[in-house]
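Okay, everyone, let's get going. I'll put the structure up and then walk you through what I found in it.

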Amino acid sequence: MFDLANLALLGPWLVLSLGIMATMLVSSIRIETRLPAKIVTIITLVLVMITSIGLFSEGTKTVLNGYIEISKLSCMTLFFMSGISLMFVVGSGGYLNKEKIHISDYYNLLLLMVFGASILVSAKDLFVMFIALEVMSLPAYALVGFRRNDSRSNEAAIKYFILGGALGAIFLMGTSFIFGASGSTQLAQIFEWSKGYNGDLLLFVVGHLLVLFAFLFKVAAAPFHFWKPDVYEGAPVSVTGLMATVITTAAFVVLVRLFHLVDFQSTTFAPYLESLKQLIRVVAVMSLVGGSTVLILQKNLKRMLAYSSINHTGYLLLGLLGTLSKPDQIYSIWFYLAGYSIITCGLFLMLSQSTTTNDQGLELVDLTGLMKKNPYFATVLSIFFLSMVGMPFTVGFFTKYTVFMSSISAGEVGFVVIAAICAVIGAYGYLRPIALMVMRDPDPSSASFVGTKFNQAMIIILAALCIILGIFPQALIQLTKGLELIP
Amino acid sequence: MENNQELTALLILPLLGSLLSWFIPKASQRLYALLVSFLQLATGIYIASHANFTKGGGLEQTLPWLSDLGIQLQLRLDSTSVWFVLLSGFVSFVVLGLKGSWYRKQARLFTSLSFFLIFAMNTAFLSTNLIVFYLAYEAVFIPMILMVGIWGTNAKATSVFRFFLMSFFGSILMLVSIFYLSYLSFLKTGNLSTNLDDLMKLSADSNISLSLCFVGFLLAFAIKVPLFPFHGWLKEVYVNAPTPATIWMSSLLSKLGVFGFIRFIGPLFMPTFVEYQGVLLALAAFSVIYAAFLAIQEKNPKSLLAYSSISHLGFVMLGVFSLSDAGRTSAIVLSVSHGLTSAVLFYLYDLIEVRKEGISMDRYSGMARQYPILFVCLFIGVLASLSLPGTFNFVGEFLVMLHAYPVSALCTILSGIGVILGSVYMLKFYQRIGFGKSEEMTSTADIHGFDLIVVMVILAIIIYFGFQPSIFLGGVDNV
């Protein structure tokens, strides 16, 4: 069924596709002229933000035969992802120039990636999810390997590509099992099927677990995390930032959807819920403990942030654990994703502005004495790191607050205690750079930060957001409480 | 409880002070800090003098903040918190008058951090919402750590880390306990609340075991006080911190732990508290003696003062753990007196350090002849610290022992030995730096001007309350 009203509902995706084509055209003229591509990208992302806000009030609708869902959740995620991408596009020009990879293809690939992510968060069909996953991942592989002359960048791209391809295959295999069990690949129909089903679960469970593993891989929950540090380290900083924010957000939204694939109220699936919870517990504890302990051993900042993101995945899974028994706590996950993305975006934009003589990338010791050398950068960087710790008056506190609350309300007190101890361990890791910046005198080998005007503006906005949301989080909490997960 | 809209002034004033300090020229930062902190103290006295604290009375104010998460900004000034708020106002005024490297290097940052610290401390002392209390309790770290890190001496980084991680460990377990409590109250009443008054009802329910939550709170506050065996962070931080931070820590931050025991652990977990009373009393008594022995063998005068602080706080905890109203009152009295005494001792010690710049602390000696007035003041401070009758400390320690004796005679007697040991190390401390052979004669002047006035005022208060504790007790007695 196709009519013009449906076309309007697809606004953000149409805008994105047009933007992708436009950047492609622009880059075909001359690859070094990047300004037109950049402008087109910025306009596209702004338009996506506007159109997704427009759709926000539409309520829940499905278009394209139920393959794509327009809901508050998908619109909000889309708005948020394009906002973060916009920050990166505006803020990382200086870095790309410095690395000599500032060509218009970068913007084309970036838009493609956002396009894939945007379909992923609104897909209501396992096959659409797979296609969206590939549309999102393929440009990401290319972006990771964008520093062509750097062997580590190439290594990261190959690693990411092979593992990404493998997980795509695993996902497809899981899909086929689920299809075999339930007779459908549409999420809504699978949910309906599960309500009345009371036969053998084995086929479905195998399929479901495979599908889940694929996405646990994508969000890099331990023990599926080993690709992450290498990829983070090798990729250009702005790409790492995009991966940590846009791809993580999209993948986690899908993961939450997949966890709520069947109706756990039905008697057939109730025992399965218990084993699923057990699975999340194991994965969450491994991510929390592994992420936080390895985090404090790292010397390279990007690797440190990779382990930090594994640690944060653990917190998110803790929130997810709560939502499986208390569905009204699901806002904690959205809130956490939003807060975490803001912090991470700020951190990576900061890192992209460093100049270091070290060719291993920015090491922790390079931050020595930054407070004396460059108080502005040191202060902002400290704000981001304190947010990561979860200090009061930063957004990081309330993100932790909501997920802890979520799993406590599901009765998981022991796991919250483990998470709390991991927070202390992680705090040591995040405070080390602050201590180096504030308490030491600068030495000549330490890095210096030179931000472009745009970059500084973006960073200040993000740091301000960190603090404002740390004092007045109501607005965002209200917003995220309105985002329901529709089966 | 009386509703009062003025309580927020105690929070807004330091917060404004913290923000506005960035617009004040560097040269007049000290003047500005003194002015604002005096205003703060005056506001505190004004508000306190208009309230009636008898029979559980006081002032209350509720502001909406995060009602979605069950958090409200609930402030309460009652007979417990009023003394801590006033102490914080007074000590801050004293501290900010102290001249030193902090007013030469990054002075704006120092003033700003100081007022932020006061803001956080006042929030912690006033709030009856557990989450707001936790927020403030954590927020205290930020200025403290930065102060030690920026203006501290040699081994500051390691000491700050140990301090932060130990404290953070305790307080995050407290946070989890707060969550659990509010979850329990949600189960019981269907209302997600983190307000003290709502959560207090939980302990009445004998079906619920709160001992794990109790441990969470206990760790947080015991590390902060610190109570043996959680005192590991203290010495290094006290020694390496700049004097304002040391005074703040010994006079006020440790009291935050004491306050937590009185305000939160008591009402929330009374049945569990009673269960563990014996162990806790023993720990408090052991703290007193152990720290006293450590102080006796200590060569470095600043470390000696740090250990003496642990010893005195053991006394305070003894009062708290006697679990009677009278014991609690005496613990508050001793808290205030210890706050004043340790402030004056560290203050004077800083004046000595300034006069002997470049000389290792271990080699201080024979200075009484050179700075007679300073050392007379120090002598009065030392006497106050070893609780000579007629000083404020004597009142506090006497009352504590009086009220702890019926509960546990053994622990009280053991702590009594701590008083004797106290005079050993304090007199040794005075003898070492005051008398003996003077090595170098420097031409710096004796104590004078602002410093002299401040020290005299504190000493006068200590002696006045030593003879007239009834005024003080009248206000606290009806907790």
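So, confidence for chain B: the mean pLDDT is 83, and 92% of the residues in chain B reach 70 or more. This is a predicted model, by the way, so keep that in mind throughout. Which elements of chain B sit at the two ends of the confidence range? At the bottom is helix α19(B), residues 469-476, with a mean pLDDT of 65, and at the top is helix α4(B), residues 107-126, with 90. Usual caution here: where pLDDT is low, the predicted coordinates should not be read in detail. For the complex, the predictor gives an ipTM of 0.76 and a pTM of 0.85.

Okay, overall build of chain B. We have 19 helices and 3 strands. The radius of gyration of chain B comes out at 21 Å, close to the 23 Å from the globule rule for 479 residues, so chain B is as compact as a globular protein of that length. If you want a box for the C-alpha atoms of chain B, along the principal axes, use roughly 70 × 55 × 45 Å. Of those 479 residues in chain B, 59% are buried. And if you take the contacts in chain B between residues at least 6 apart in sequence, 81% of them join residues at least 24 apart.

Now, where the two chains meet. The contact uses 23 residues from chain A and 23 residues from chain B. On the chain A side, the elements giving two or more residues are α18(A), α19(A) and α21(A). Which of them gives the largest share? That's α19(A), with 12 residues. What's the chemistry of that side of chain A? It divides into 20 nonpolar and 3 polar residues, with no charged ones.

Staying in chain A, let's look at a helix pair. Two packed helices are described by the angle between their axes and the distance between the axes. For α2(A), residues 11-29, and α3(A), residues 35-56, the axes come within 8 Å and cross at roughly 175 degrees. That crossing angle makes α2(A) roughly antiparallel to α3(A). Residues making the contact include Gly11(A), Val15(A), Gly19(A) and Val26(A) on α2(A), and Val40(A), Thr44(A), Leu47(A) and Leu55(A) on α3(A). By class, we get 11 nonpolar, 9 polar and no charged residues in the contact of α2(A) with α3(A).

Last topic, backbone oddities, for those of you who like checking torsions. Most residues other than glycine have a negative phi, and most peptide bonds are trans. So here are the exceptions I picked out. In chain A, the peptide bond from Ala222(A) to Pro223(A) is cis, with omega near 5 degrees. Pro223(A) sits in the loop between α10(A) and α11(A). That loop between α10(A) and α11(A) also holds Ala220(A), where phi is positive, near 60 degrees. Is Ala220(A) buried or exposed? Buried, with 27 other C-beta atoms within 10 Å.

Chain B has its own cis bond, joining Val225(B) and Pro226(B), with omega about -10 degrees. Pro226(B) is in the loop between α9(B) and α10(B). There's a positive phi to look at in chain B as well: Gln106(B), at about 50 degrees. You'll find Gln106(B) in the loop between α3(B) and α4(B). Why does Gln106(B) count as buried? Because Gln106(B) has 20 C-beta neighbours inside 10 Å, and the cut-off for buried is 20 or more.

That's my tour, so over to you.

Definitions and conventions. Residues are numbered from 1 along each chain as its sequence is written. Chains are lettered from A and ligands numbered from 1 in the order in which they are written. This is a predicted model: local features need pLDDT of at least 70, side-chain atom pairs count only at pLDDT 80 or more; totals for chains, interfaces and linings use all residues. Axes are lines fitted to C-alpha atoms, for helices over the stretch in contact, and angles run from 0 to 180 degrees between N-to-C directions. Helices (H or I, at least four residues) and strands (E, at least two) are DSSP runs, numbered from the N terminus. Angles under 35 degrees count as roughly parallel, over 145 as roughly antiparallel, 65 to 115 as roughly perpendicular and the rest as oblique. Two residues are in contact if their C-beta atoms, placed from the backbone, lie within 7 Å. Ala, Val, Leu, Ile, Met, Phe, Trp, Tyr, Cys and Pro count as nonpolar, Asp, Glu, Lys and Arg as charged, and the others, Gly among them, as polar. pLDDT is the predictor's confidence in each residue, from 0 to 100. A residue is buried if 20 or more other C-beta atoms lie within 10 Å of its own, exposed if 12 or fewer, and partly exposed in between; C-beta atoms are placed from the backbone. The radius of gyration is taken over C-alpha atoms; the globule rule is 2.2 Å times the number of residues to the power 0.38.
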